[in-house]
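Me: I am new to this structure. Please show it to me, and then let me ask about the words used for it.

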Amino acid sequence: MEVRRLGRTDMQVSRIGFGGMTIPKVSVEQAVATIHRALDRGVNFIDTARVYGNGDSERKIGRVMEDRRGEVYLSSRTPDTSYDGMKKAIEESLEALRTEYIDLYEPHDVSSSERYDPLMRTGGGLKALKEAKEEGKIRHIGFTSHNWDLIKEMIRSGEFEAGLITYNLANREAEGEVLDLAEERDVGLFVMKVFGNASLLELSPPEEDRKPTVEECLRFALSNHRLPLILTGVKSPEEIEQNVAIANSYQPLSAAEQRDLRDFGDRLGRGYCYGCEYCLPCPQDSNIPAILQLIDYQERISWEWPQGRKAYAGFSGTIEDCIDCEQCEERCPQKLPIRERLQKAHDRFAETS
Ligand code: SF4
Ligand code: SF4
């Protein structure tokens, strides 16, 4: 597979990287087989996080690293951006991944001052990252974030060599200033959510029956020559085969295809739930992603409406139970008006439930 340089980390990474977010959902055997298949097909970058399955993703990857560590770059991260929290997390990641070093370590989802301030303050998480780098426990320092202002600030700070951001045909905010800045500072930006955590593949614009395909989503991201590495969350060897085949044979989008997909992405809109579950837990036990996805689908796929009513009847924690604590909206990287969407779902689905 084609490899590209990931900014000033100088890592030569495969265009497609293994996203470890979904492997907690499958058995150890299936996860291990999927990782092996990825490496067999030339994928040389595996991305995971402490919080994926509460360490389960790292542990499953660790089983393969026992034998194949030398074939791959590893990336992991923690949401605890304090000095002590970062130190502890790096040790836990090293142990779970069964490795002596991690190629890239990131503070996870630095999208608010709650994580940015403890990271950047004197004696904060960044200091722990630098110490780990000096000790050879990590090789490069990156960040992940959904907040475009903070992304720019972290790129400008000169402290980060790479950064993981969102990019897909319906969310192209990275284009322009962020990519310009990263190029100027030689920060390697790599991308997640090219399928919108799979949600994108299920959606049609209102009044249309066209859904984005895996190939359209991947080709769109691969065609952006300023993005060296595209992560895809996979959970089976078949999905690896499909993604690798697309990456190995893709032709950059023509001008007409670009126009078509961009218009299509605009029609899809960005205001839908990605199912990332960062908004949870809700003190009222609301299954927010499931309810929001129901209304997202209903707005775009009218034939799902009867199924939606049936599904909604099974949910506890609707808007009627909400105590307006606002925690979910503060945590949502998409900044969705969650309570408004929950209300909409209730108005739509609760009438006959
Ligand atoms: S605002 Fe409502 S839905 Fe959101 S976390 Fe609080 S109680 Fe749950
Ligand atoms: S509401 Fe926001 S935080 Fe919650 S799952 Fe959807 S996109 Fe993620």
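Reply: Start with two helices. H6 and H7 are roughly parallel to each other, a label given to angles under 35 degrees, whereas over 145 is roughly antiparallel, 65 to 115 roughly perpendicular and the rest oblique. The model is a predicted one, where local features need pLDDT of at least 70, side-chain atom pairs count only at pLDDT 80 or more, and totals for chains, interfaces and linings use all residues. Residues are numbered from 1 along each chain as its sequence is written, with chains lettered from A and ligands numbered from 1 in the order in which they are written.

Me: What makes H6 and H7 roughly parallel?

Reply: Their axes cross at roughly 10° and come within 10 Å. The axes are lines fitted to C-alpha atoms, for helices over the stretch in contact, with angles from 0 to 180 degrees between N-to-C directions. The crossing angle of roughly 10° falls under 35 degrees, so the label is roughly parallel. H6 covers residues 148-157 and H7 residues 177-185; helices are DSSP runs of H or I with at least four residues, strands are runs of E with at least two, and both are numbered from the N terminus.

Me: Which residues of H6 make the contact with H7?

Reply: Trp148, Ile151, Lys152, Ile155 and Arg156 of H6 do, meeting Glu177, Val178, Leu181, Ala182 and Arg185 of H7. Contact means C-beta atoms, placed from the backbone, within 7 Å.

Me: Why is Leu200 called buried or exposed?

Reply: Leu200 has 23 C-beta neighbours inside 10 Å. Buried takes 20 or more other C-beta atoms within 10 Å, exposed 12 or fewer, and partly exposed lies in between, with C-beta atoms placed from the backbone. Leu200 therefore counts as buried. Its place is the loop between strand S9 (188-192) and helix H8 (214-222). Leaving aside neighbours within four places in sequence, its contacts include Phe195 and Cys217.

Me: Why is Asp10 called buried or exposed?

Reply: Asp10 has 12 other C-beta atoms within 10 Å, so Asp10 is exposed. Asp10 sits in the loop between strand S1 (3-5) and strand S2 (12-14). Its phi is near 65°, a positive value in a residue other than glycine.

Me: Why is Asp109 called buried or exposed?

Reply: Asp109 has 22 C-beta neighbours inside 10 Å, so Asp109 counts as buried. Its loop lies between strand S6 (102-107) and helix H4 (113-120). Phi of Asp109 is near 50°, also positive in a residue other than glycine.

How values were computed: Contact = placed C-beta atoms within 7 Å.
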